[in-house]
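Grab a pencil and get the structure on your screen. Below are some exercises, each with a solution worked out in steps.

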Amino acid sequence: LVASGAAAAWGLAGWPLATASAADAPRRRVLFFTKSAGFQHSVINRGDDELAHAEKILIEVGKRNNVDVVATKDGTVFDSDLDQFDAFAFYTTGDLTKEGTDKAPPMSADGKKRLLDAVAAGKGLIGSHCASDTFHTEGPGWENQATPDPYIAMLGGEFISHGAQQKARLVLTGHGFPGADSLAEDFELNEEWYSLKNLADDMHVILVQDTQGMEGVMYERPPYPATWARRHGDGRVFYTSMGHREDVWTNPSFQGLLTGALAWTTGNVEFEPTANLEKVCPGAHVMPVPKRRSA
């Protein structure tokens, strides 16, 4: 395959969207949860349609890879049988135990615990973009906390803020993660970039956010992780800060990463996410200053 158009911007080298062994892999089932208790992003706004943009794409990527994706905004699903799912995908905002913005039924406090327990016991979790803007930790928003919210501790990082959408450089550090090695060693992408905190020391960083030249005080910090994988107990967790824009969801490289994330979190491929945070972005825990003080 030859990279062109949007794919070329990522340096796509020809990642096949369906893994070579997809037809032979065990059939898996993933719950895609898209409730917005806080801000509702356009990519998961269903409007008059039955499914939102991101929901349709993840379902289609799943079909190509022997994975059944079930999309819902109904939080009561976490009080039901979670054993029917191999992994959970989150594109959510706010305190999901509250009805919030989209008025969809909230998750119960027990439902949240059941999710955390299910992942720790061996299920997978895929978080995209605003999954880190969910269940915020108590304390100042621009500071790291000693004890993050249990959901944030599972995910591996928490949203601080974002600036205007802009092109920024990402650096590939997670060689070996399914789908990642088809990306260029570094590439630029136009996106709404998240500044993140409460980063797990045991994560395997797949993509590093190069903050040099980025516009916005929230990016005035050393490089930090933008995409990672980690273990949570016996579970497998993948997160990427990408996914705000519709064209990112249609980008073959992003879909390639989702393909790898689906395969790894459901246990269809093996990859050991060895910790590399300190090696590839040693200043990741340094926080930006929220306001400039006058002299």
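**Exercise 1.** Is Asp-49 buried, partly exposed or exposed, going by its relative accessible area?

*Solution.* One thing to keep in mind throughout: this is a predicted model.
- Step 1: Start with the number, which for Asp-49 is a relative accessible area of 39%.
- Step 2: Now the cut-offs: buried means under 20%, and exposed means over 50%.
- Step 3: Asp-49 therefore counts as partly exposed.

**Exercise 2.** Find the salt-bridge partner of Asp-49 and say how accessible that partner is.

*Solution.*
- Step 1: Look for a side-chain nitrogen of Lys or Arg within 4 Å of a carboxyl oxygen.
- Step 2: Lys-56 fits the bill, with the closest N and O atoms 2.5 Å apart.
- Step 3: Lys-56 has a relative accessibility of 42%, so this residue is partly exposed too.

**Exercise 3.** Work out which parts of the chain the salt bridge between Asp-102 and Lys-35 ties together.

*Solution.*
- Step 1: Check the contact: the two side chains meet at 2.7 Å, N to O.
- Step 2: Place each residue. Asp-102 sits in the loop between β3 (87-90) and α3 (109-120), while Lys-35 belongs to the loop between β1 (28-33) and α2 (53-63).
- Step 3: The pair therefore links parts that are 67 residues apart in sequence.
- Step 4: Check accessibility as well: Asp-102 and Lys-35 are both buried.

**Exercise 4.** Describe the salt bridge between Arg-245 and Asp-247, then look for a network elsewhere.

*Solution.*
- Step 1: The closest N and O atoms of Arg-245 and Asp-247 are 2.9 Å apart.
- Step 2: Arg-245, at 22% relative accessible area, is partly exposed, and so is Asp-247 at 40%.
- Step 3: As for a network, Arg-169, Asp-186 and Asp-210 are joined into one by salt bridges that share partners.
- Step 4: Over the whole structure, the search turns up 15 salt bridges.

**Exercise 5.** What lines the second largest cavity?

*Solution.*
- Step 1: Count first: there are two cavities of 30 Å³ or more in the whole structure, and the second largest holds about 50 Å³ of space.
- Step 2: List some lining residues, including Phe-32, Leu-58, Trp-249 and Leu-258.
- Step 3: Sort by element. β3 and β4 (124-128) each give two or more residues, and β4 has the largest share, with three.
- Step 4: Sort by type: seven lining residues are nonpolar, two are polar and none is charged.

Note on methods:
Residues are numbered from 1 along each chain as its sequence is written. This is a predicted model: local features need pLDDT of at least 70, side-chain atom pairs count only at pLDDT 80 or more; totals for chains, interfaces and linings use all residues. Side-chain values use heavy atoms; hydrogens and water are left out. Helices (H or I, at least four residues) and strands (E, at least two) are DSSP runs, numbered from the N terminus. Buried means under 20% relative accessible area, exposed over 50%, partly exposed in between (1.4 Å probe, protein chains only). On a 1 Å grid over the protein atoms alone, a cavity is a set of points where a 1.4 Å probe fits but cannot get out, and a pocket is an open set with protein on both sides within 12 Å along at least five of seven lines; lining residues have an atom within 4 Å of a point. Ala, Val, Leu, Ile, Met, Phe, Trp, Tyr, Cys and Pro count as nonpolar, Asp, Glu, Lys and Arg as charged, and the others, Gly among them, as polar.
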